[in-house]
Amino acid sequence: MQIRWPSRWSRAIPALLAALACALCISTYPVFGNFWDEPEHIAAGLVLLERGQYLYDNQHPPFARLAAAIGPYLAGVRIHGAPLPLGEAQGRDLLYNSPVPYERVLTLARLGMLPFLLLLVAASWAWMRRWYSEGAAALTALFLASTPVILGHAAVVAVDVPVTALTTLALYLLLRWFDAPSVGTALWLGLAAGLAVATKMSAIPFIGIAALSLIALRLVFAQRTALSLHLRRRAGTASVALLLLLLIIVGIYGPRLVYLTTPQLTPSSALDFLAGSHGALHDLAYRLAARVPVPLGVEMVPINILGVEWHNAHGHPSFLLGQTSSTGWWYFYPVALALKTPLPLLLLGLCGLGLLAVRGLRAANVYLLAPAACFISILVFCCAYSQINIGVRHVLIAYPLLAMGAGYAADAAWRQWRSRAARAALALLIVWQVATLASAYPDYLAYFNLLAGAHPERILVDSDLDWGGQDLRRLEKVLAARGVRQLWLGYRGTADLAREPLPSYRLLQPNQPVKGWVAITMLTLQENQAGYGWLLRYQPVQRVGSSFDLYYIP
């Protein structure tokens, strides 16, 4: 017996699930102050929207940042005077000093992220519905919309859920292009891939590596004679997709024209990236660039790529299983996925992806293999290449693929298992999955499954548990309820502490034990245990939210 719904319900169910997921995200807005990256993302989008300049953290392209800035801009938030040199400072100024209240600015910016959550659920559902079944598609939407980590990151102004949604859509449209390599499908593919890259540079390797794995499977499975008949057509329409992608990633920065170098031929990293650091082409490019202005995006796209390469080469302070590192660990993302994923999704997702892989290989069917191939190829790339290990958010693309596996496994199990006990067990897993939304609320971003135990802060921290002391507002309420008048504060985040209703406080310095009330974020404590390890000799009075521990030191 296959799970089936009437056609109108097959569309209504994922729409309802996505709407409920958005409602849950919105309901968490009042709980949390700004997360670490939110002020800079808002500032970067608003400066580009208002001034046509792209100034802050330029390793990230602007599409999602523009989406976040539109709401505040329409509400009247503006940059006053020259933009500040640091994005975090400019973002704080916009949040705390605008005529529009802090809460409204932040809410309007966060609402700009929700269309990407809707798109993520829709793209995953459409993928499964086209090549598998109505039941598998609806269950995929259910598993995805009930994953706390997805909702937690969708409720924050960031680029991770947007790039996940657009990458998932691009991979789905790539399979559509395999089916029918027309100009129309190529244009849709180029649009989705272009917007994905215009959101975050990780879309380039994610889409590229997944596409190469799918094309390799296609070549292995396809009949050579049939493939050769369509090779010219495929090359032509692929060129259309690539051209549109390039136009989007350049055009997203707007119509402003800039010179890539000065009349004195000042060195330009963007020009060196495009034309090489020496040689005839380099010299010609510099002479032209000094005389001919180009769209701002021509300069910014190479800077985006170079920024990500530099960041990865130099690494980032990371924490895993009680250890710190600047270059990360190859097993960081498998551990993060194992502990941040609801166990029903993890179990059914991996089983479903394995089942799809086996059936796809036996049937020589690239569409059956696609979710597993994308999941494996992207995860292997991240394990082998990435030295920026600062959260499962960098591999959120794994979640729609796991949800597809879980949807497929649940649908197949329901059809094949006839006993009431087996179906009851399956239903229990699905109920367990959905129940995580209640048990984790409102701390979706900081969710860990049962495997993490009672102290997840000993395993993962940065943007997995504490992302800039997001529970500062909760801490303020706890301190007021306890009548705390003097506080030592260990804080790493981007809030303007002078504008927050805190008691009289002093910042806690490393290697300086103190007495009295102490509040410290998990990120501050765990990534500098040498400086703050003395606190570990004491029992916290209270865990505030997920990101603060509150102590009283006699």
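Here are some exercises on the structure above, each with a worked solution.

This is a predicted model, in which local features need pLDDT of at least 70, side-chain atom pairs count only at pLDDT 80 or more, and totals for chains, interfaces and linings use all residues. Residues are numbered from 1 along each chain as its sequence is written, and side-chain values use heavy atoms, with hydrogens and water left out.

**Exercise 1. Overall build**

Task: compare the radius of gyration of the protein with the value for a compact globule.

Solution:
- Start with the rule: 2.2 Å times the number of residues to the power 0.38, with the radius taken over C-alpha atoms.
- For 554 residues, a compact globule would have a radius near 24 Å; the protein has 25 Å, which agrees.
- Next, take the span: the C-alpha trace extends about 80 × 80 × 40 Å along its principal axes.
- Then look at burial, where buried means under 20% relative accessible area, exposed over 50% and partly exposed in between (1.4 Å probe, protein chains only). Of the 554 residues, 57% count as buried.
- Finish with the contacts (heavy atoms within 4.5 Å). Among contacts with a separation of 6 or more, 77% are between residues 24 or more positions apart.

**Exercise 2. The strands around strand 7**

Task: work out which strands pair with strand 7, and in which sense.

Solution:
- Fix the terms: helices (H or I, at least four residues) and strands (E, at least two) are DSSP runs, numbered from the N terminus. Two strands pair if DSSP finds at least two bridges between them.
- By that count the protein has 23 helices and nine strands.
- Strand 7 (residues 516-521) pairs with strand 5 in the parallel sense, over three bridges. One of the partnerships to look at is Gly-490 with Ile-520 in strand 7.
- Strand 7 also runs antiparallel to strand 9, with six bridges joining them. Here Trp-517 has Tyr-552 in strand 9 as its bridge partner.
- Now follow strand 9 (residues 548-553) itself: five of its six residues are buried. Three bridges join strand 9 to strand 8 (residues 542-544), again antiparallel, and Arg-543 stands opposite Asp-549.
- The hairpin of strands 8 and 9 has three residues between the strands, and in this hairpin Gly-545 takes a positive phi near 60°.

**Exercise 3. Placing Arg-506**

Task: is Arg-506 buried or exposed, and why?

Solution:
- Locate the residue: Arg-506 lies in strand 6 (residues 504-507).
- Add the neighbouring strand: strand 5 (residues 486-490) runs parallel to strand 6 and is joined to it by four bridges. Gln-486 has Ser-504 as its bridge partner in strand 6.
- List the contacts: leaving aside neighbours within four places in sequence, Arg-506 touches Leu-487, Trp-488 and Leu-489.
- Apply the cut-off: Arg-506 counts as exposed because its relative accessibility is 55%.

**Exercise 4. Backbone angles in the loops**

Task: find where Leu-265, Leu-321 and Pro-442 sit, and describe the backbone there.

Solution:
- Leu-265 is in the loop between strand 1 (257-258) and helix 13 (269-275). Its phi is near 60°, a positive value in a residue other than glycine. With a relative accessible area of 38%, Leu-265 is partly exposed.
- Leu-321 is in the loop between strand 3 (318-320) and strand 4 (323-325). Its phi is also positive, about 55°. Leu-321 is partly exposed, at 46% relative accessible area.
- Pro-442 belongs to the loop between helix 20 (420-440) and helix 21 (472-482). The peptide bond from Tyr-441 to Pro-442 is cis, with omega near 0°.
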